Amino acid sequence: MKITYHGHSAFRIETGKAVILIDPFFTGNPAATAGWEEASRGCTHLLLTHGHGDHTGDSLEILKATGAMLVSNFEICTWLSSKGVENYSPGNHGGRISFDDFDVIFTNAWHSSSDTSSGTPLYLGNPAGFIIEPRTEPGKTLYIAGDTGLSLDMKLIQELYKPVFGILPIGDRFTMGGDQAAYACRNFFDFKMVIPCHYASFKGFVAEDASQFLAAMGPDASKVKVMASGEMAEF
Ligand code: NI
Ligand code: MN
């Protein structure tokens, strides 16, 4: 499984023949080092955790350019289909969708979900996280928390899906901070490797670096993979 980080919460994940973009926020992302055209090359699936602009980002352009399958909640799929997206597969919490190269399961996230670009928030369903179970690389289950606070539901996610890799927000203010993300890792999950996100992007709003998270991880800090924007790693 190849994971490329594009800053904030944007990731590209390659497994089998699938090229999955998560929350592809490039234009206006202070942490992005690539443009959407380059980062979305070959994209087969585009997963959106929720409707906030720092996650939906360049989705519309990417979906139209690549024809990739949009996977998100029903409201976001309906909203983007009203803007011309034809290829989409909606879901909601607890639901599993099977594709050729991976299964995706919608998990709870404690957050909100709306589009505020017009100035009046447009409701866009409930925010989610995703479990990704790669078919051609069994056992490499990945949990993408999305924007969320710490919740006891994470214990259930561990019990049901046993993810070995995690992508968790650590920025604070809008999501858990490093201390609570570390609490989740040390008390609820059993990750072999965890990648922090939703930080080092909007100065003054989210944590500037991963130091608080690393410190709170204590002896488990060796499991943290801090990725630079634009970096690709194989797991
Ligand atoms: Ni958000
Ligand atoms: Mn966000």
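**Exercise 1. Determine whether cysteine 77 is buried or exposed, and establish its disulfide status.**

Solution. Step 1: cysteine 77 has a relative accessible area of 1% and is therefore buried (buried means under 20% relative accessible area, exposed over 50%, partly exposed in between, with a 1.4 Å probe and protein chains only). The model is predicted, so local features need pLDDT of at least 70 and side-chain atom pairs count only at pLDDT 80 or more, whereas totals for chains, interfaces and linings use all residues. Side-chain values use heavy atoms, with hydrogens and water left out.

Step 2: a search of the whole structure returns zero disulfides, a disulfide being a pair of cysteine sulfur atoms within 2.5 Å. Cysteine 77 accordingly takes part in none, and the nearest cysteine sulfur, that of cysteine 43, is 14 Å away.

Step 3: for cysteine 197, the closest cysteine sulfur belongs to cysteine 185 and lies 11 Å away, which is too far for a bond. Cysteine 197 is also buried, with a relative accessible area of 5%.

**Exercise 2. Describe the strand pairing of E5 and its connection to E6.**

Solution. Step 1: strand E5 comprises residues 69-73 (helices, H or I, of at least four residues and strands, E, of at least two are DSSP runs, numbered from the N terminus). Five of its five residues are buried, so E5 is largely enclosed by the rest of the structure.

Step 2: strand E4 (residues 45-47) runs parallel to E5 and is joined to it by three bridges (two strands pair if DSSP finds at least two bridges between them). Leucine 47 has valine 71 in E5 as its bridge partner.

Step 3: E5 also pairs in the parallel sense with strand E6 (residues 88-91), over four bridges. Here asparagine 73 stands opposite glycine 91 in E6.

Step 4: together with helix H4 (residues 74-81), E5 and E6 make a right-handed β-α-β unit. Right-handed means that, with the strands pointing away from the viewer, the path from the first strand over the helix to the second runs clockwise.

**Exercise 3. Identify the protein donors of the manganese ion (ligand 2) and locate them in the chain.**

Solution. Step 1: the protein donors are Asp54 (OD), His55 (NE2), Asp147 (OD) and His198 (NE2), at 2.1 to 2.3 Å from the ion. Donors are N, O and S atoms within 2.8 Å of the metal (3.2 Å for Na, K and Ca), and sites may look incomplete because water is not among the atoms.

Step 2: the spacing of the donor residues in sequence is D-H-x91-D-x50-H. Aspartate 147, in the loop between strand E12 (142-144) and helix H5 (153-161), and histidine 198, in the loop between strand E14 (193-197) and helix H7 (211-217), are 51 residues apart, and the pair links distant parts of the chain.

Step 3: aspartate 147 is buried at 2% relative accessibility, and histidine 198 is buried with a relative accessible area of 1%.

Step 4: aspartate 147 coordinates both the manganese ion (ligand 2) and the nickel ion (ligand 1), which are 3.1 Å apart.

**Exercise 4. State which residues of helix H6 are buried and what covers them.**

Solution. Step 1: in H6 (residues 178-187) the buried residues are Gly178, Ala181, Ala182, Ala184 and Cys185.

Step 2: seen down the helix axis, these residues fall within an arc of 155°, so they line one face of H6; the arc is that of the directions from the helix axis to the C-beta atoms.

Step 3: their cover includes H5, strand E13 (165-169), E14 and H7, contact meaning heavy atoms within 4.5 Å.

Methods
Residues are numbered from 1 along each chain as its sequence is written. Chains are lettered from A and ligands numbered from 1 in the order in which they are written.
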